[in-house]
There are 2 protein chains.
Amino acid sequence: MSLGEFDRIDRFFAPLSRGAEGAFGLTDDAALLPVAADGAAWVVTVDALVAGVHFLPNDPADLVARKALRVNLSDLAAMGAVPYGYTLALALPPDLVEPEAWLDGFARGLRLDQDIYGIHLLGGDSVSTPGPVTLSVTAFGTVARERALRRSGARPGDDLWVSGTIGDSAIGLQVLAGADGPCVDPDATFLADRYRLPRPRVALGPALVGIATAALDVSDGLVQDAGHIARRSGVGVRIELARVPLSDSASRRIVAASSLHRDILTGGDDYELLFTAPVAQRSSVADAAAATGDTVTRIGRIEAGEGVEVLDADGRAVEGLARGGWSHF
Amino acid sequence: MSLGEFDRIDRFFAPLSRGAEGAFGLTDDAALLPVAADGAAWVVTVDALVAGVHFLPNDPADLVARKALRVNLSDLAAMGAVPYGYTLALALPPDLVEPEAWLDGFARGLRLDQDIYGIHLLGGDSVSTPGPVTLSVTAFGTVARERALRRSGARPGDDLWVSGTIGDSAIGLQVLAGADGPCVDPDATFLADRYRLPRPRVALGPALVGIATAALDVSDGLVQDAGHIARRSGVGVRIELARVPLSDSASRRIVAASSLHRDILTGGDDYELLFTAPVAQRSSVADAAAATGDTVTRIGRIEAGEGVEVLDADGRAVEGLARGGWSHF
């Protein structure tokens with residue numbers, strides 16, 4: 001550690017720990033978590049992001065920070081957990097252009113989302129790397145013990161639900177990859193933003209505890225993640241393509257390029273909640289979503305069997321949705 | 001995620017989660033921590049390691065894994081916490097030579113230390129990087145609430161203690177950096193091993209709860225870390241150079257190159273516990289160390305004032321120990 005590192009902690013990171021008593025202002029070797037409420041348990045999740053792999057190398061630092069937090073908050077939401085805080089490991093290359101400006105933007109992004117989600121930095125490690133900017137966030141939340149949402153609870157007859165809209169991020173990444181010149185198309189702007197800045201369903205997840213039978217967040221792609229529920233619950237998942245909710249922007253893009261309608265099913269990075277619930281809970285699901293201000297859509301059902309089947313509007317199975325060697329449907 | 005990643009998790013990592021019920025075999029979005037015992041709190045720490053920065057690129061994968069765990073366990077020990085488990089974020093380059101053999105060695109190293117320290121893998125994320133092997137471990141332990149060892153509790157009149165021996169790792173790194181050909185010197189082998197594989201004082205730390213007034217683990221260097229206690233406790237630290245415990249191997253090296261005697265004070269990577277305790281607790285400290293099988297040595301005392309002063313055998317201040325711009329003593 002050089003003096004530079006202590007300065008860096010004092011200036012950019014220690015202020016982000018204020019409000020979390022057990023973080024000790026990042027002055028000690030470790031942090032203390034507060035005692036969870038009676039009957040509650042701590043939930044822990046970790047996600048790593050690498051420049052050039054999980055975000056674009058020229059993405060603004062504040063967006064990188066927020067994306068790192070939000071993909072973790074999405075995992076907590078999928079377990080039904082209320083977020084509390086996070087630790088951060090940050091590896092920065094010494095040849096970073098304007099490192100202070102980068103750190104300033106990064107810390108600003110963390111602060112913005114800390115305020116939005118009511119979380120705090122609990123501890124961290126900042127190191128040098130000869131490689132790209134790399135960060136790893138471990139996020140903490142609490143959920144009623146024995147009631148955490150799992151992938152394994154779906155039962156035949158359950159409805160399959162998804163929050164928000166699917167495919168925006170996948171199309172957004174295509175927009176960003178193919179961007180040729182200044183972008184003035186409001187659809188393109190919306191879709192690119194959906195890729196860059198996930199909206200984790202942090203309120204909906206906890207609201208579904210006791211209602212949903214299984215849940216996860218859609219990060220690998222709708223079909224792949226439905227496959228996780230199928231595999232872990234030992235059931236089959238049937239998705240009706242026409243019911244999959246699309247944003248207006250995505251719908252307009254799909255009219256222009258119909259092949260997109262398949263891409264969005266496997267594109268990933270949606271960070272929406274995919275969950276199952278008994279038919280008798282339909283009004284409870286609707287009430288939970290109304291209470292948290294989220295939209296939810298029933299897109300299919302759980303059946304005895306295995307794997308994932310996607311049906312088009314005519315009831316025919318949609319083929320060829322495998323990606324990256326994933327064949328479990 | 002590709003199929004390769006699921007295979008990798010199933011084969012190398014899921015087995016490491018067995019024994020930690022709340023890890024769910026790494027099948028879900030997050031893990032649950034068990035309820036801490038009455039009056040206990042969860043302690044969290046994070047450390048990142050980068051190939052070429054924190055370990056040598058050709059270090060065996062099992063040693064890399066064990067070092068990553070151990071530097072975190074050392075942080076827990078410094079807080080007086082008993083280790084429970086950890087999460088892991090691992091970024092691997094696609095051009096890793098023999099990736100399966102590397103992962104096999106890496107998982108073997110984790111398993112070895114899991115068995116030694118009674119800990120489990122709770123969750124993880126495995127990603128690709130165009131950069132060097134990068135890993136980040138977040139470790140969890142428990143300590144009696146309100147009794148965690150901090151850096152801020154040292155009081156004038158307290159003794160200053162250190163566990164084990166100081167400087168082996170710093171000399172070991174020099175040995176490794178200057179190694180020319182096969183190494184047959186047993187001192188060199190011992191010292192290099194001390195650099196490669198820290199021995200965190202996981203039993204001694206918890207045994208010092210209620211006895212030590214302040215503690216940390218020596219990672220930056222004895223003098224720098226003593227400076228942390230001085231700064232956080234608002235006291236001065238006086239270290240007697242002749243009392244600083246040396247291994248036989250380090251002593252022989254210092255006879256051959258007397259300048260080393262200064263280097264070891266600032267070299268770092270010792271992962272020994274540096275702590276303070278009232279004079280009235282000398283026998284309690286000795287008893288605690290005897291009970292855990294660790295050696296401890298009284299190397300100085302706490303005084304009113306600020307900063308760190310190192311005195312030679314004649315009582316003269318040793319000058320010129322600042323390193324890397326660190327000037328807080």
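This text walks through the interface between chain A and chain B in a predicted model.

Start with the extent of the interface. On chain A, 64 residues are in contact with chain B, and chain B contributes 64 residues in turn. The size of an interface is often given as the accessible area lost when the parts come together. Here the two chains bury about 4900 Å² between them. Carbon and sulfur atoms account for 59% of that area. In chain A, the residues that lose the most area to chain B are Asp29(A), Leu32(A) and Val44(A). Together they make up 13% of what that side buries.

Next, look at the charged and polar links. Four salt bridges cross the interface of chain A and chain B. One of the residues just named, Asp29(A), forms a salt bridge with Arg151(B). Their closest N and O atoms are 2.9 Å apart, which is inside the 4 Å cut-off for a salt bridge. Polar contacts across the interface link 20 residue pairs, both residues being at pLDDT 80 or more.

Now turn to the makeup of chain A's side. Strand E2 of chain A, residues 40-50, gives the most to the side that touches chain B, with ten residues. That side of chain A divides into 35 nonpolar, 16 polar and 13 charged residues.

Strand E2(A) also pairs across the interface. Two bridges join E2(A) to strand E1 of chain B, residues 31-32. The two strands run antiparallel. Within this pairing, Val44(A) stands opposite Ala31(B) in E1(B). Val44(A) is also among the residues of chain A that lose the most area to chain B.

Methods: Residues numbered from 1 in each chain as written. Chains lettered and ligands numbered in written order. Predicted model: local features only at pLDDT ≥ 70, side-chain atom pairs only at ≥ 80, totals over all residues. Heavy atoms only, no water. Contact = heavy atoms within 4.5 Å. Buried area = accessible area lost by both parts, 1.4 Å probe. Salt bridge = Lys/Arg side-chain N within 4 Å of Asp/Glu carboxyl O. Polar contact = N/O pair within 3.5 Å; in protein donor to acceptor, adjacent residues only side chain to side chain. Helix = DSSP H or I, 4+ residues; strand = E, 2+ residues; numbered from the N terminus. Nonpolar A, V, L, I, M, F, W, Y, C, P; charged D, E, K, R; others polar. Pairing = 2+ DSSP bridges.
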